Amino acid sequence: MVVYFSATGNTEFIAKQIAKRLNDEALNLLTRIRSRDYSPIESSRPFIICAPVHVCEMPRFFADYIKKVPLTGNKKVYFIFTSGGYDGISGYLAKKMIRNKKMIYMGHHQFKMPRNYPISKRYKLLTDEENKERIIDSCKTLPGVVRVIKKGKKLRARRITFFERIITLPFNPVWVRFKHKTEPFHATDQCVGCGKCVRLCPLNRISLKDKKPEWKGNCAHCMACIANCPFNAIEYGEITKGKKMYKIGNYVKKDAGKRR
């Protein structure tokens with residue numbers, strides 16, 4: 001079974017493509033995460049867990065969910081990561097997590113996908129051509145990854161160094177605490193109060209007041225709200241103004257990853 005969380009569509013696209021090629025089921029964990037549903041997930045086939053990479057790790061709320069939810073049936077677990085180019089220590093943490101669950105870690109693979117973090121001052125969003133190139137390159141890699149999984153072999157990835165671990169482990173929580181602010185989020189006059197951003201927030205941090213979204217509490221900065229707003233009505237301070245938001249639907253068909 002392929003299980004995944006996806007905020008802007010990159011991970012969902014890869015997860016569904018893998019499920020389609022394996023003739024397997026793809027389960028979106030968003031509703032479970034939002035409702036804190038920790039009922040067991042059962043699969044007779046190996047689990048393939050797909051996640052984006054935030055600040056060199058899996059999103060912390062996602063990792064916490066996987067740690068708590070019982071994965072029953074097959075003991076083998078593969079991890080698939082989507083990132084803007086660097087998956088950090090995600091593989092190291094995934095391996096540790098799965099071993100703590102008394103399951104068998106079968107390795108991980110990273111797909112380099114288009115950048116989807118428009119509030120970064122360091123990394124600019126890519127051009128349309130660069131986005132297309134990354135998606136095409138990932139699609140070329142997919143068959144090889146699926147072949148390894150079909151054969152029941154381990155996925156091989158680069159070695160995560162000790163230096164990476166000692167730098168990233170303390171860095172991530174500090175960054176999340178002080179940089180993942182919600183105050184700059186706001187809706188423009190384009191907002192019609194449809195509530196899509198409310199339904200897509202994995203941490204339930206968005207609510208509607210007078211038909212306008214409000215952000216409160218901790219934020220994962222997953223960008224689900226900005227990326228999926230049908231009216232492009234969400235901004236983050238001044239930094240997102242005038243930017244063309246990345247939407248994977250502009251590059252792939254909506255049903256591209258559905259099983260047939």
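How do the axes of helix H1 and helix H5 cross? In this predicted model, the two axes come within 10 Å and cross at roughly 45°. Here is a friendly tour of that helix pair, the parallel sheet and a hairpin.

**The open sheet**
- Five strands, in the order S2-S1-S4-S6-S7, make up an open sheet with parallel pairing.
- At its edges sit strand S2 (26–28) and strand S7 (104–112), each of which pairs on one side only.
- On average, neighbouring strands of this sheet are turned by 20° against each other, direction ignored.
- Strands of a sheet pair through backbone hydrogen bonds, and the pairing can be parallel or antiparallel.

**Strand pairs within the sheet**
- Strand S1 (residues 2–4) runs parallel to S2, and three bridges join the two.
- If you want a register marker for this pair, Tyr-4 has Asn-28 in S2 as its bridge partner.
- S6 and S7 also run parallel, joined by seven bridges.
- Here Ile-80 has His-109 in S7 as its bridge partner.
- Together with helix H4, strands S6 and S7 make a β-α-β unit that is right-handed.

**Helices on the sheet**
- Helix H4 (residues 90–100) packs on the sheet, where it touches strand S6 (76–83) and S7.
- The direction of H4 makes about 155° with that of S6.
- Helix H5 (residues 128–150) lies across three strands: strand S4 (47–52), S6 and S7.
- Relative to S7, H5 runs at about 160°.

**Where H1 meets H5**
- Back to the opening pair: helix H1 spans residues 10–22, and its axis crosses that of H5 at roughly 45°.
- H1 and H5 are therefore oblique to each other.
- Their crossing is right-handed.
- H1 contributes Phe-13, Ile-14, Gln-17, Ile-18, Arg-21 and Leu-22 to the contact.
- From H5 come Ile-135, Ser-138, Cys-139, Leu-142, Val-146, Ile-149 and Lys-150.
- Sorted by class, this contact has nine nonpolar, two polar and two charged residues.

**The S9–S10 hairpin**
- Strand S9 (residues 206–209) and strand S10 (residues 212–215) run antiparallel and are joined by four bridges.
- Within this pair, Leu-208 stands opposite Pro-213 in S10.
- S9 and S10 form a hairpin, with two residues between the strands.
- One residue to look at in the turn is Asp-210, which has a positive phi of about 55°.

How values were computed:
Residues are numbered from 1 along each chain as its sequence is written. This is a predicted model: local features need pLDDT of at least 70, side-chain atom pairs count only at pLDDT 80 or more; totals for chains, interfaces and linings use all residues. Side-chain values use heavy atoms; hydrogens and water are left out. Two strands pair if DSSP finds at least two bridges between them. Axes are lines fitted to C-alpha atoms, for helices over the stretch in contact, and angles run from 0 to 180 degrees between N-to-C directions. Contact means heavy atoms within 4.5 Å. Angles under 35 degrees count as roughly parallel, over 145 as roughly antiparallel, 65 to 115 as roughly perpendicular and the rest as oblique. A crossing is left-handed if the near helix is turned anticlockwise from the far one by less than a right angle, and right-handed if clockwise. Ala, Val, Leu, Ile, Met, Phe, Trp, Tyr, Cys and Pro count as nonpolar, Asp, Glu, Lys and Arg as charged, and the others, Gly among them, as polar. A crossover is right-handed if, with the strands pointing away from the viewer, the path from the first strand over the helix to the second runs clockwise.
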